[in-house]
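Here's a quick walk through a protein and the ligand it holds. Have a look at the structure first, then read on.

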Amino acid sequence: MRRAFAGTAAAPGMALGRVRLERPARFSIDTTPLPEAEVEAEVARLERAFAVAREDMAELRRKLHGSLAREVGEFIDAHAQLLDDPELIEGIRGMIRKGHYRAAAALKAQRDRLVAVFDAMDDPYLRSRGEDVDHVIARVQSALARQASNEEKKIATRVGEILVTESVAPGELAQLAGHGILAVVAGSGSPYSHSAILARSLHLPMLVNVGDVLEDLRDGDLALVDSVRGEVVVHPAAQDLAQYRNWQRETLREGQRLAQLAGAETRTRDGHALRLFANAERPEDIERARNLGVAGIGLYRTEFLFLAHDGLPSEDEQFAAYRDAVLGAGGLPVTIRTLDLGADKADAAGLVMASEPNPALGVRGVRLSLQQIDVFVTQLRAILRASCYGPVRILVPMITDATELAEVRRLIEECGRDLRTAGHEIPDQFELGAMVEVPSAAINVRTLLDIADFLAIGSNDLTQYVLAADRNNDQVGKLYRPAHPAVLRMLAWVISSARRAGKPVSLCGEIAGDPAFAPVLVALGLEDYSMAADRILAQRDALSRCDRKALRALAPRLLRAHGSDGIAALLQTATASA
Ligand code: PEP
Ligand code: MG
C-alpha cells in the first residue's frame with residue numbers, strides 16, 4: 001500500500017529504486033575464487049584496465065609543457081614502460097587463468113610480491129623502483145575499479161538501490177561513490193551538512209530528517225525519492241510514477257536550455273561581468289566545471305581525499321591527487337583548501353581526535369592542522385609540489401585570528417625551503433587566503449587582510465556561527481537562515497573591506513550557487529562566486545537576469561530590512577521595477 005514520508009530535501013532530484021537499509025559494505029578487494037566460466041572475461045577486463053592506464057599516462061604526458069615535460073616526462077616514460085612489461089602482465093594473466101584470482105586480487109598479490117622484492121634490495125635507487133611499481137599498479141587498479149563501478153552502476157539501474165539509513169557521515173558517502181546507489185534517505189541530518197554537499201556533488205538525490213523511516217521500510221521495497229516535494233513514497237502509485245516521468249522530461253528540457261550557457265561569459269542584465277568559480281570535492285568535478293566555462297576552482301575541499309582513504313594518505317598520494325587536480329584545471333587557478341576535519345567530519349581514518357563535547361566549536365580546520373603539525377606539513381609539502389604543475393592558491397579554513405594565518409604562512413615558507421633544498425623546483429611566490437567563516441574573522445577582517453592575499457567567505461559556517469544554529473541539525477533549521485540580516489551585514493562588511501584593500505574576495509558557501517540568492521549577492525557587491533559545478537549554468541542564468549545598478553542602490557535598505565521576509569519583499573520590488 002502506498003505510503004509517503006516527509007523529509008527535507010538535501011540534494012535535488014528524484015529516483016525510483018529498491019530500498020537498501022543501512023549502509024553497504026565498504027569497498028574491498030574480492031578474494032573469492034573466480035568461476036572457470038568467467039576467467040576469460042576477467043582477463044579481458046584486466047587488459048582493458050591496462051589499456052586505460054596507458055591512455056591515462058599518455059594523456060598526462062601530453063598535458064606537460066616546458067621544463068616539466070623533460071623532468072616529469074622521464075618519470076612518466078618509466079611508468080609507461082612498466083605498463084608495457086610483458087612479464088608483469090603475463091604474471092597477472094597467469095594468476096587469473098591458473099589460480100582463478102579476480103583481476104583486482106591478482107594485481108594486489110603481484111604488487112605485494114614485487115614491492116617486497118624491491119624493498120629487500122640494498123641499492124637505494126633500485127629500492128625506490130618499488131614505488132614505481134606501486135604507482136603503476138595503483139593506476140591499473142583505479143582503472144579496474146572505474147570499470148567495476150560502471151558495471152555496478154548498470155546493475156544498480158536495473159535493480160536500483162536507495163540507501164535508507166539513520167544518518168550518513170561524509171566519509172561513508174565518499175565510500176559510496178561509484179557503488180551504484182541511486183539516492184539516499186536519512187532519518188536525521190540537514191541540507192547544509194557536508195554529507196549533503198557531497199551528495200550533491202555525487203548527483204545523489206538526498207532526503208534528510210525523515211523521522212521513523214527506518215522502522216517502516218523493508219529491504220527491497222520499491223520507493224520513489226522525491227526531493228522536489230520533499231518526500232519518499234513507498235510502493236508508489238501510478239500518479240507518482242507519472243510525476244516521476246514528468247520530472248524526467250522537464251529536467252531534460254531545462255538541462256538542454258541551460259546547456260546553451262556552457263562556456264558563456266557571466267554578465268548581469270546591465271552588462272557587468274562577474275566571475276564564476278567551481279567548488280570541487282573530486283577530480284571529476286574539475287573536469288565537469290572546466291567544460292562549463294569557469295574562472296578557476298574556487299574551493300577544492302581536500303578532506304574528502306582523507307575520508308575516502310583507509311589511513312592517512314601519504315605525501316606522495318596527496319601530491320598525486322593535487323597534481324591531477326591542477327593538471328585537470330588546464331591552467332586555471334586551483335584554490336586548494338587545507339584540511340577542514342573536525343566537527344561533522346571527525347571520523348577520518350588515521351587521525352586521532354579526542355572526542356569533544358562541542359566539536360563544531362572545538363578542534364576543527366586550521367586548529368587541528370596547527371595541533372597535528374606532522375599531518376599539516378605533509379599536506380603543505382604535497383600542495384607545494386603540486387604547484388609546479390599550474391597556478392595554485394592555498395586556502396585555510398576556520399581562521400579565527402590573523403595570527404593563525406601568519407603561522408600557516410611561516411610553515412609554508414619553511415616547507416618551501418626544505419623542498420627546494422631537496423631539489424624540488426617550488427615557485428617562489430604563493431597566494432595564501434583565509435576562509436571567513438568565524439564571526440571574529442569577519443568582524444576583524446581588516447587585520448586579516450594585512451596577511452591574506454585573498455578571502456573566501458564560507459557562508460555555510462558563518463551562518464551557523466552568527467546565528468548559533470547547528471548547520472547539521474534540522475531541529476534548528478528554521479533559525480539557520482543565510483538571508484538573516486545579521487549574516488548579510490557581515491557579508492557586506494567583508495566584501496567592501498576586501499574591495500577597499502584591493503584584494504579578491506569570493507563566496508563559496510552553498511548560497512553562492514543558489515539562484516534565489518543571486519540578487520541578494522549582486523546587491524551586496526559580490527563579484528566572485530564559487531559553487532558546485534552543477535549549479536554553474538543555473539546561477540549564470542539567474543545572475544544574467546539581475547540588474548546590478550538597481551540592486552546595488554537597494555543594498556542600504558536591504559541591510560536595514562526586518563528579517564528575511566522584509567528582504568524577500570524588497571527584492572521582489574527590485575525585480576518587478578527592473
Ligand atoms: C562554508 O563553510 O561555507 C564552506 C564553503 O566550507 P564547508 O562547507 O566545507 O565548511
Ligand atoms: Mg566551512
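## A salt bridge within a helix

A salt bridge here means a side-chain nitrogen of Lys or Arg within 4 Å of a carboxyl oxygen of Asp or Glu. By that rule, D285 and R288 make the cut: their side chains meet at 3.9 Å, N to O. Keep in mind that this is a predicted model.

Where do D285 and R288 lie? Both belong to helix α10 (residues 283-292), three residues apart, which is about one turn of the helix. Side chains of opposite charge can pair when their charged atoms come close. Searching the whole structure turns up 36 salt bridges.

## Where the ligand sits

Now for ligand 1. The space taken by ligand 1 is the largest cavity. Three elements each give two or more residues to the shell around ligand 1: α7 (194-201), β11 (297-301) and α18 (459-467). The top contributor is α18, with three residues.

What's the mix of residue classes in that shell? Seven charged residues, five polar and four nonpolar. Of the 16 residues around ligand 1, the nearest are H194, R301, R337, N460 and R471.

## Polar contacts and burial

Oxygen atoms of ligand 1 also have polar partners in the protein. On the side-chain front, a polar atom of E437 lies 3.0 Å from a ligand 1 oxygen. The backbone joins in too: a polar backbone atom of S459 is 3.1 Å from an oxygen of ligand 1, and one of G458 is 3.4 Å from a ligand 1 oxygen.

How much of ligand 1 does the protein bury? Taken alone, ligand 1 exposes 290 Å², and the protein buries 100% of that.

How values were computed:
Residues are numbered from 1 along each chain as its sequence is written. Chains are lettered from A and ligands numbered from 1 in the order in which they are written. This is a predicted model: local features need pLDDT of at least 70, side-chain atom pairs count only at pLDDT 80 or more; totals for chains, interfaces and linings use all residues. Side-chain values use heavy atoms; hydrogens and water are left out. A residue is near a molecule or strand if one of its heavy atoms lies within 4 Å of it. A polar contact is a pair of N or O atoms within 3.5 Å; within protein, one must be able to donate a hydrogen and the other to accept it, and residues adjacent in sequence count only if both atoms are side-chain atoms. Accessible areas come from the Shrake-Rupley method with a 1.4 Å probe; for residues, only the protein chains shown count as cover. On a 1 Å grid over the protein atoms alone, a cavity is a set of points where a 1.4 Å probe fits but cannot get out, and a pocket is an open set with protein on both sides within 12 Å along at least five of seven lines; lining residues have an atom within 4 Å of a point. A molecule sits in a cavity or pocket if more than half of its atoms lie within 2 Å of its grid points. Helices (H or I, at least four residues) and strands (E, at least two) are DSSP runs, numbered from the N terminus. Ala, Val, Leu, Ile, Met, Phe, Trp, Tyr, Cys and Pro count as nonpolar, Asp, Glu, Lys and Arg as charged, and the others, Gly among them, as polar.
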